[in-house]
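Trainee: Can we go through this one together? I'd like to hear the reasoning behind the labels.

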Amino acid sequence: MTGSDTSETSMRTLSQNRPARTGSAPTAPTPSPRGARSMRHVGRPGGAWALPALLYFGLFAALPMVLVAYLSLTQWGGLGSPRFVGLENWSRLVDDPVMRRAVWLSLVLTVLNWIVQTPIALLLGVWAAGPQRNRAILSAVFFLPLLLSSAAIAIIWRALLDPNFGPLAWVGPRLGLGSVDVLGGSTSAFATIVFVTAWQFIPLHMLLYQGGARQIPASLYEAARIDGAGTLRSFWHITLPQLRHTITTSSVLMVVGSLTYFDTVLILTGGGPGTDTTIVPFLMYRAGFRSWELGYASAIAFTLVVVATVIALLLVRFTGFGKMRSTREGI
Amino acid sequence: MTTPRVVAAGASVLALLTATACGGGGGAAADGDMHVWMYQDTLVVVQDAAVERFNEESEVQAVIDEVPGDNYEERLRTAMGSSEQPDVFFNWGAGSIQPYVDQDMLMPLDDLLAEDPELADAFIPSVLEAGKVDDVQYGIPMRGTQPVILFYNEAVFEDVGVEPPQTWEDILDLVDAFDEAGVTPFALAGADPWTEQMWLQYLVDRIGGPEVFQRIHDGDMEGWRDPAVLEAAETVQDLVDRGAFGESYASVSYTEGGASTLLSEGRAAMHLMGSWEYSTHLDQDRPFAEEDLGYTVFPPVPGGEGDPANVVGNPTNFFSISADTDFAEPAQEFLGYTSQEEYVADMVANGEVPTTTNAEEAVADSPNPDFAVFQYEMVRDAPHFQLSWDQALPPETATPMVTEIESLFNGQSTPEQFVDALAAL
């Protein structure tokens with residue numbers, strides 16, 4: 001994302017001084033109709049170019065969403081035909097204490113994920129953007145968790161944390177902790193999910209920040225150094241502001257990801273103990289594929305889509321990201 | 001042991017795709033084989049052998065698809081709603097196949113039994129009855145009977161110098177004794193909450209008798225407010241507080257072998273589990289199963305109204321046939337194999353107690369006749385055999401019920417909250 005607005009800025013900066021490369025109307029005196037058409041073709045691709053993507057989006061995103069909206073008005077057990085029940089599922093959704101708790105847990109998870117992952121990913125990313133060779137090697141090591149599938153990650157951590165047969169069973173008593181049942185406790189199970197999520201996704205966000213930090217012109221730091229700014233000051237006044245669009249991008253990914261987070265919870269805790277890690281996507285799975293109330297599950301799913309979209313839009317709007325203002329104005 | 005989880009996770013994703021993409025349709029996979037879906041555990045060897053015998057005699061080739069245990073019902077339901085229906089599949093009879101019967105997806109087997117009276121007479125009538133829905137036969141018994149039994153490790157009992165429990169006071173004394181000796185009194189696979197359900201089933205039955213759950217089963221959710229349910233829940237809380245299940249039961253898995261290993265390694269003294277626990281140990285740790293594995297009935301609870309001879313568990317499992325199968329004839333023929341002598345002998349050899357009428361002679365030839373006879377008589381003499389609650393109730397109530405049971409065992413809800421939550425289902 002940072003890349004796209006950089007190029008736009010450079011275009012705008014250039015056009016202030018000399019004729020734009022792609023031929024804009026003011027500099028070309030009365031272009032021939034034919035010329036204009038060909039210009040338009042080069043400069044701005046027609047809507048037809050978007051057709052494959054639109055078709056794909058329509059078939060695999062828009063259509064299922066319409067179907068889910070319809071299913072949320074029915075009662076369906078996965079066999080035979082859905083039975084239309086109007087708003088029954090929706091009124092139940094509003095009154096369901098389990099759903100209310102799941103929404104709360106989902107929000108807590110989202111906030112915690114952001115608080116835990118953003119600073120670490122930002123610092124690691126900025127650090128990894130440096131030039132030394134050892135950084136490249138270490139960055140590659142940090143990057144490893146991203147290459148594993150969520151299911152594999154959850155299985156590995158479950159095995160590591162097993163209170164009777166895992167390494168923890170061996171380590172715990174030797175540290176005087178007795179048997180440590182991390183996944184069996186309400187708070188600790190939730191904390192484990194936050195931790196495993198961070199372990200899995202920090203590399204991705206680190207990569208974003210690394211890319212963003214490399215885009216910052218070295219001249220800014222040189223100027224700051226001449227003015228007597230130290231490392232901390234440079235970080236606070238140059239790196240952070242320059243990375244603000246990257247922070248938005250990463251935050252949107254993080255928030256939407258946390259709201260729809262599912263696979264690790266399914267394998268690591270199964271929503272338990274009790275309902276203590278039953279976040280909204282897991283509740284949707286439970287309602288749909290354990291209780292076979294696919295209509296109700298659809299209502300939950302649709303709510304999730306709406307909430308995630310709204311939050312993403314709000315984030316983009318209130319961070320000024322949508323205006324596509326450059327981080328390098330005035331340079 | 002981790003593979004089933006991966007497969008299960010992948011399967012859920014596939015299930016989502018198939019459920020949305022291609023609902024309806026009939027017939028099994030187009031590879032020309034007759035697909036038999038089996039719950040994956042150590043007992044599948046019996047069905048494997050039956051398929052081998054069947055394939056020798058039949059032109060149609062049968063294959064067994066083993067489905068990981070903890071996701072079996074989800075996968076079956078999704079497959080039945082798609083074009084990948086199995087031809088023959090394992091199930092729990094009664095309530096568990098009701099949704100398929102409602103959609104006319106199962107083949108009625110009354111004609112099969114009428115044409116083959118020998119098959120009809122081969123099974124204990126009350127067990128065969130459990131394969132009926134709306135008075136029509138849809139399932140043929142294909143496994144041994146599965147009462148829930150109190151297993152224990154004899155070596156650990158000897159070490160600590162105690163005797164197996166006969167009364168509820170014994171249970172409480174044993175909890176204290178083992179706790180002091182540093183042994184977990186009861187292995188409990190809390191990561192699979194259906195194992196916790198077994199405790200409540202027995203406690204409710206011993207305290208209030210089978211009528212308590214019968215009322216709930218008939219659809220009256222206020223039945224959960226019966227004092228017997230509250231007392232059972234308080235008893236559970238008491239056991240948990242006394243440390244009867246140790247500290248880390250919430251993370252112990254049954255399907256991955258955790259609880260059984262705790263028992264066989266002597267880290268836990270007792271384990272309340274279905275009779276298949278015996279064959280699990282035969283498979284995992286044969287010397288332990290043959291020398292040190294003890295078993296007894298669930299003791300009576302003081303002041304309880306239920307007959308102490310009642311048992312809970314699964315009367316047996318059944319094979320049913322999809323109505324849409326391309327192999328109607330061969331599939332029915334295959335079902336007949338479950339009453340054959342070799343099949344019954346295989347079951348006995350693997351520690352099962354068959355539900356065929358001639359089982360009494362067969363169990364005498366079992367590798368551990370004592371266990372087989374014990375189990376056979378336990379079931380035969382039981383005035384009431386309570387089918388597992390989560391199989392008896394429809395999934396939309398059973399799923400949240402099992403979660404509530406988990407919350408009770410983990411101390412996240414009090415007995416009163418537990419009762420209120422269940423009554424509100």
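Mentor: Sure. Keep in mind that this is a predicted model. Let's start with Met401(B), which is buried, with a relative accessible area of 0%.

Trainee: What makes Met401(B) count as buried?

Mentor: Buried means under 20% relative accessible area. Met401(B) comes out at 0%, so it is buried.

Trainee: Which helix holds Met401(B), and what is it in contact with?

Mentor: Met401(B) is found in helix α21 of chain B, residues 395-409. Leaving aside neighbours within four places in sequence, Met401(B) is in contact with Gln197(B), Trp224(B), Trp389(B), Asp390(B), Leu393(B), Leu422(B) and Leu425(B). As for Leu203(B), 198 residues separate it from Met401(B) in sequence, and the C-alpha to C-alpha distance is 16 Å.

Trainee: Now the helix pairs in chain A. Why is α3(A) called oblique to α15(A)?

Mentor: The axes of α3(A) (residues 51-71) and α15(A) (residues 294-318) come within 7 Å and cross at roughly 130°. Perpendicular covers 65 to 115 degrees and antiparallel starts over 145, with oblique for the rest. The angle fits neither of those, so α3(A) is oblique to α15(A). The crossing is left-handed, too.

Trainee: Which residues meet there, and how do they divide by class?

Mentor: From α3(A) you have Met65(A), Val68(A), Ala69(A) and Leu71(A), meeting Gly295(A), Ser298(A), Ala301(A), Phe302(A) and Val305(A) in α15(A). By class, that contact has 7 nonpolar, 2 polar and no charged residues. Gly counts as polar in this scheme, so Gly295(A) goes with the polar ones.

Trainee: And why are α5(A) and α9(A) oblique to each other?

Mentor: Their axes cross at roughly 40° and come within 6 Å, with α9(A) spanning residues 186-215. Roughly parallel needs an angle under 35 degrees, and perpendicular begins at 65. With 40° between those cut-offs, the pair is therefore oblique. Here the crossing is right-handed, and the contact has 20 nonpolar, 7 polar and 1 charged residues.

Trainee: Where does α5(A) meet α6(A), and at roughly what angle do the axes cross?

Mentor: Helix α5(A), residues 97-128, and helix α6(A), residues 133-143, cross at roughly 145°, their axes coming within 10 Å. Leu124(A), Trp127(A) and Ala128(A) in α5(A) meet Arg135(A), Leu138(A), Ser139(A) and Phe142(A) in α6(A). Those residues divide into 5 nonpolar, 1 polar and 1 charged.

Trainee: What makes one of them charged?

Mentor: Arg is in the charged class, so Arg135(A) is the charged one in this contact.

Terms used. Residues numbered from 1 in each chain as written. Chains lettered and ligands numbered in written order. Predicted model: local features only at pLDDT ≥ 70, side-chain atom pairs only at ≥ 80, totals over all residues. Heavy atoms only, no water. Axes fitted to C-alpha atoms, helices over the stretch in contact; angles between N-to-C directions. Helix = DSSP H or I, 4+ residues; strand = E, 2+ residues; numbered from the N terminus. Contact = heavy atoms within 4.5 Å. Buried < 20%, exposed > 50% of the residue type's maximum accessible area, 1.4 Å probe, protein only. Left-handed = near helix turned anticlockwise from the far one by under 90°.
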